[in-house]
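Welcome! Here are a few short exercises to help you find your way around a new structure. Take a look at it, then work through them at your own pace.

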Amino acid sequence: MKFGIYPGCSLTGSARDYNESVFAIAEAFGLEFTQIPDWNCCGATAAHNLNKELSLALPARILALAEKNGLEEIIVPCAACYSRLVVTQHELKKDPELKNRICEVIEMDYRGTSVILNVIEWIDKYIIPKLEEKIVKPFNHKVACYYGCLLVRPDKILNYDRAEDPQTLDIVMSKIGAAPVDYPFKTECCGAGLSISRTDIVSKLSGKIIEDAEHRGAEAIIVACPMCHSNLDMRRPDINKYWKAKYKIPVIFVTQAIGLAIGLPAEKVGLKRHFVEVKIS
Amino acid sequence: MARIGVFVCHCGENISATVDCGKVAETIGNLKHVAYSTEYKYMCSDPGQTLIKDAIKEHNLTGVVVSACSPRMHEPTFRKACAEGGLNPFLCEMANLREHCSWVHEKNELTTEKAIDIVRTQVEKVKLNSALQPIKVPVTKTAMVIGGGIAGIQSALDIANTGHKVIMIERSPSIGGHMSQLSETFPTLDCSQCILTPRMVEVAQHPNITLYTYAEVESVEGFIGNFKVKVRKKAKSLDEKACTGCGLCTTKCPQKKIPNEFEQGMGMRPAIYVPFPQAVPNRPVIDRENCTYYIKGKCKICEIVCPTKAIRFDQPDEILELEIGAIVVATGFDIKHADFFPEYGHGRYKDIIDGLQFERLASASGPTAGVIKRPSDGEIPKNIVFIACAGSRDPAKGIAYCSKICCMYTAKHAMLYKHKVHEGKAHVFYMDIRSGGKNYDEFVRRAIEEDHVNYIRGRVSTVFERDGKLIVKGVDTLLGAQQVEIVADMVVLATAGVASSGAEDLAQKLHVSYDSHKFFAEAHPKLKPVETNTAGIFLAGACQNPKDIPDAVSQASGAAVKVAALFSQSELTREPLVAIVNRTSPPTYSTCVGCFMCQSVCPYQAIEREEFKARDGKVVKTVAKINEGLCQGCGTCVALCRSKSIDLLGYSNTQVYAEVVALLNEY
Amino acid sequence: METIRKLIRKQSLEKLYNNLAANRKVYAPVIAADKKAEYKYNPGFADVTFDHIRSTLSVKNIVFPKVENLFFYENSKTESTITDIDLDKIPEVVLWGAHPCDNAAFDTLRSIFCWDTKDEFFSRRLEKLTVIGLGCHSSDEYCFCTSVGLSPSSSRGSDILLTKLQTGDYQAEILTAKGNEIVSSFPDLFEPLTDEKVDITEVKQKFSHKQVTEKLAGAFEHEFWIANSLRCIGCGACAYVCPTCACFDIQDETKGKNGKRYRSWDSCGFGLFTLHTSGHNPRHVQSQRWRQRIMHKFSYMPDRNESLGCVGCGRCSSGCPVDMNIAEQLEALQNI
Amino acid sequence: MDNLILRAKELLENKTVQVVIGYEAGPTGVVRPAFISDPANADSLIYDERCVQNLAVYLTKPEVKHLGRIAIVSSLPVMRSIMMLISEQQISYDEIVVLGISADGVLLDIADLSVMQGYIDKSDLSNPVKYKELLAELKKLTPAEKFEYWQKELSKCIKCYACRQACPMCYCTRCTVEVNQPQWISVQSNAHGNMEWHILRAMHLAGRCISCGECGRACPVGIPCHLLTMHLTDQVYNYFKVYAGTSEKMNSVMSTYEPNDKESFIV
Amino acid sequence: MSDFEPKIVAFVCNWCTYAGADLTGTSRIKYASNVKIIRFPCTGRIDFMLLLKAFSNGADGIIVSGCHPNDCHYTSGNFHAKRRWIMFKELMDFMGIDMSRITFSWVSAAEGARWAEVVNTTVTRIRELGPYVSYKELVNKSVEEEVKNG
């Protein structure tokens, strides 16, 4: 089975750890990816605030390229990219006239036939069925599953997990032996939109997320979004400074956790690249 | 030979200002079969009507066309005038010269020409009208009330007190409904049970009322005045006549861990039980799903201890077939389970409860004897948060409508809490306070001003537990949308009121329409709020939409009056504008070929089967037959019928065809 | 008049046709898109066929159109005014190249329409008709003219009968004054006939119509009718393609003050045909209607009109969607 | 074919049925319906690609019903017609035995209604391929060309009603055209009267036509009137996603509705 | 064609559009006088043949109007009518009969102004289309003519 993969800007930059873990577990499960050739920026978060057609044309081009290359299913590990692609597909399906306009803009034929999967959907569909036999080292830790804002929203379009109190990540984690804690901050804002401009707000908001996870005895925060990860991991010194605290809880991608559970070495799944040291294995 | 009279009205100047009425009358007078044609200033006035009556006699008219205003305005007036003049009222038609012509066009020749066309069309139609007689339908003077809550009780008592028989059906073991669960009632804070229980007893004792509890409607056939209702009396596993209601069985039953429905799951009950002490009838039933005997085949302790040997383990369900003249639907409402709002934590955290659960906590006869104790540890909450609109007015996640009663009962809950826990703090998150009603707003003001309930205008985003406390995160929109976080000991959700479970199923059995929320639909939102679109079936209480007690009771009385009015005659009279399937001589019997596609289009189940039998009793032909009592005259079957075997009186095929021809051709 | 035989050469036929078509309506057979023959007014000579066996529809519509207005009326408040059809406006028509069966049918129709009261519409149309028939040089399994007293070379009903000669030229039998008039208008085109052999098809006799008529007299209640009409679906195709079926329905159509009365073809195969206002129908099932059709043509008409109601063209059988083959049935009837 | 003959004989011999309706070759070689009551005559039954007439038309005919229980040779269109006739309460399955024939001419074992249902369910129910092409071509015409095409075709009509009589679904004992109070359809077979008749017929078969093409085949003057009903069959599927004659409990498309039926022309 | 006054017949239901047209009158909203109304109890009652009859009697345009979906006085008559019109329109389009001469609309008892708008837009459209010549010719094609032409 060959999937298309859309890496977006993070996976090849600040979230190389995420990228490595996705490829590592795919390989372990005999799954292959084809990167969408000549892919472009998905337009998150800037485009849809400025120009609606542009915000649709950018993802539409990506999807059209996928169609052109015969990629029926595309995995989009970044939650922000995922959201843009799915919303675009929805908007263009709803309005054929708009679709025609966008096709003219991108000078390509777009039909909207590709299936777009986020990382959890992909895990659910292709990893979970074969997971049990591969687990060599169950991830026996208490974890706080943090979904962030884009993975499950807007729920009217995604229609795959409930927007408030989502469950899918918790289910995946429990399948590899983890014990998810009751965690009310699952979808609280990490401040991603202000990641660059107002780091103080990021520190404030992300700090609350980290504090509650530690308070509930979680040994790791599990994420599936590079933005979440960078705010909770990379910004940790700022957060600790802001809150005058010493939060040590590591932030782990779900794909990294799966990698560990099936016995992949920490380096292979990018765990050595984190700012907050990951001591658990 | 037809002799038609045409009466052109000026309507003061309303018509004559733009239409040349004289020319209309004259032109129409030249038509074949028009025996008399005249104009007059006000046809609807007494002299105008006398003109018609006299002309009918003088010119021996066989049909009348009054060319005036809309038939929706004055058709009854002129039909009555014709009847008084000795002409069958259905031989009178109206040509709408005012609303459809003079008021909407300028004064010119085309307008007068249009007026002539309109009148001529009615002349051609009325030639084909037939003298119709009103339809008479017999009435069975027994009413059925479905549902034994306060609305059903009120309706049943009111009907019974007019001297008519009432059969009341209640699906749970006791009547009383949600009102019997309530602690106190707004805006008076009087005890709900104290005012309800006497009514329940009255129902049980009323000579005109027959009560079937633990019973449900199985099927409904027939039509107004003549319903045939099958009722399933579920087996109570008890000989009700032998049982004295001593209650020994319920105390000795070894199975005691069944969540008590009456207590909203906040207490337990045995497998043989009386739902609550004041239940009517005060007789137990065995809950077969949870009874050890039915599950494992042995126990029978209740049978052993019963002093009157009233237990009947092998009792079957019983089907009653009842003849009913009118039905009052009073099946009430349910509350929406809060699991669609996972962020509010209902079901996950024990101390987050819904409004009905709070009623039981606050009730003197409830599981805590009226002391407000939180379910998790029995502690008295010091800080309590009430969340209004938990699901109501929320099209995205809940329901779009306002549940109407929540604002008031939330105020009541907060007050009851403050009255019982003086040192406690009560907070209410609300969107708007809807307290329209006699003494309602004063009641809410009292909660705020006298009992110092903290009202916060804003919604709650999430409720979660941390260190044994409930953290309620919300917003205060009156303080510049500031985020608010309250650390509470208990949270009460004012969950939306929704249609009673099984409402859709019942509506389909009754052939009554229901809205998208499964609430029963009234025939007209303003002028027929008590009627349904099925004649003879009426609505009372919260089965139509969430209602408070006084609204439910007044509507129940309204429904009772409708039933009483229906029962005041031995026969019903209806306008005879109904569909009819033709009949011919044997061996054809009818041109209907019996495909019964009409049956599937009829919204009123008015199409029946009629079998024709040969002398040897063998059925030789089955054709459609219209039940005049049920048919409302929409004519959808008429347009569908391929063999043109159905026709609609008043709008017959020949009539509408003649109208088309008359409107478009020269005469 | 006495029959005169002449020769008309193939190339002269074209001249005759073109001369006639120049100032008259000529109704002649052509091969339509569906490969079947149909009659048209004044087709080009090149399109006219001399080889068809039978057209789908007969040619009776010249004298008995499928719809014919009888009169128009106008109603006023007090009276109705009737406007008659101007029968003088009926055009002269030459029927060209029709086969003997079809031409004989005009005789049969006359025996119906002019049986007692003369039908003005029919007889005026017939008066204006000149028939230039064509003997058959081909036939098929449906043909049975020889069983009903006709033959591929019968001249009944024709004014001139053309018959193909083995040389490819045609013999013209001039049978009536009308025929003679045409011949004398174009004397150059006709030559004396030398004794040449005609090219005429042979049609096998399938039954004896006399015997059928005799059998039918006592066969009204015979089980034959039900057994042999089970597959009949009760359409009117047989009657409408038949050259001798003459039943019609009369209707008024009024729109406002104006209206007209007309007649249109009808068929005894329809259930409605004999339906009484009361709802009673003396022929309420198809077997009775099928019996009526046979009886009418082979028993009642010989009885009353002294004419057989069938010319053996075979259209009813070839056009029947369920192969109700009349010749086969008559053959069987003869032996019951 | 041998199987069919054996089965027919068996049914007649053991008196399961009183008559078998099938196909035979007439004396001129034309294939036509056969009504076999005597097992000895069953040998004349044939089944090949020439056997196209929809025999279900006979199931509602009084003389045929009178014969007793019927076994009927049934290709897919006949089976669908039978479904329709049952759903419209014209016949009962108990009155008949279905001698189903598969698309490749093999005798099917239709033991009961559910087996027939199963066979229909797995069959292609859309219009036959040869008509699909014709329909597609016609749809390409401009409105004026369509009008001209149909006027030319319909003016040939002689109102013999063979299209109606050949159709199993036109079982009414009185047709709308036979009503003269009012005169819905002019009895004249002229361009206008003919068009009204064919519109009426097609509309009355909307959602009921099972695409056998019998109406067009029966037409003595060759009007392709089956394209009208088949076009509507396509449209019924387009709009409502159903095909006629697929269940004995089915309500016709025209006698039911869904509140969200989609259209684009009502303002 | 400037003095062409089209003849338009409106088939409307009693409970919504007829009442809506009454409201147009009560509100004194003016509209073109070419449209004449025939009242039916319900759109479900309107036989498709009546539309053909209107054309054959000389109508140049037709309006069919009833209650909005879900508002039918008889619950479902308009839904059945809707299906009927869907099929009718498909058939007419297939036969090349001009469906732009028929306006199908939902006009409620409260939409007096809307009724005037429906009438006026229909009249304007039919004026542009001109008289329905092809249908009238079809009807007038006399029987005589047919016989003459074979």
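This is a predicted model.

**Exercise 1.** Work out in which order helices and strands follow one another in chain D.

*Solution.* Walk along the sequence of chain D and note each element: the pattern reads α-β-β-α-β-α-β-α-α-α-α-α-α-α. Now tally the two kinds, and you get 10 helices and 4 strands for chain D.

**Exercise 2.** Decide how the radius of gyration of chain D compares with the globule rule.

*Solution.* Start with the rule, which gives 18 Å for 267 residues. Chain D itself has a radius of gyration of 19 Å, close to that value, so it is as compact as a globular protein of that length. To picture its extent, imagine a box along the principal axes: the C-alpha atoms of chain D fill roughly 60 × 45 × 40 Å.

Next, look inside. Of the 267 residues in chain D, 52% are buried. Finally, take the contacts in chain D with a separation of 6 or more: 65% of them join residues 24 or more positions apart.

**Exercise 3.** Describe the side of chain E that touches chain B.

*Solution.* First, count both partners: 34 residues of chain E are in contact with 35 residues of chain B. Second, find the elements of chain E that each supply at least two residues to this side: helix 1 (17-26), strand 2 (35-40), helix 2 (48-56) and helix 3 (77-95). Third, pick the main contributor, helix 1 of chain E, which gives the most with 6 residues. Last, sort the side of chain E that touches chain B by class: 15 residues are nonpolar, 11 polar and 8 charged.

Conventions. Residues numbered from 1 in each chain as written. Chains lettered and ligands numbered in written order. Predicted model: local features only at pLDDT ≥ 70, side-chain atom pairs only at ≥ 80, totals over all residues. Contact = placed C-beta atoms within 7 Å. Nonpolar A, V, L, I, M, F, W, Y, C, P; charged D, E, K, R; others polar. Rg over C-alpha atoms; globule rule 2.2 N^0.38 Å. Buried ≥ 20, exposed ≤ 12 C-beta atoms within 10 Å, placed from the backbone.
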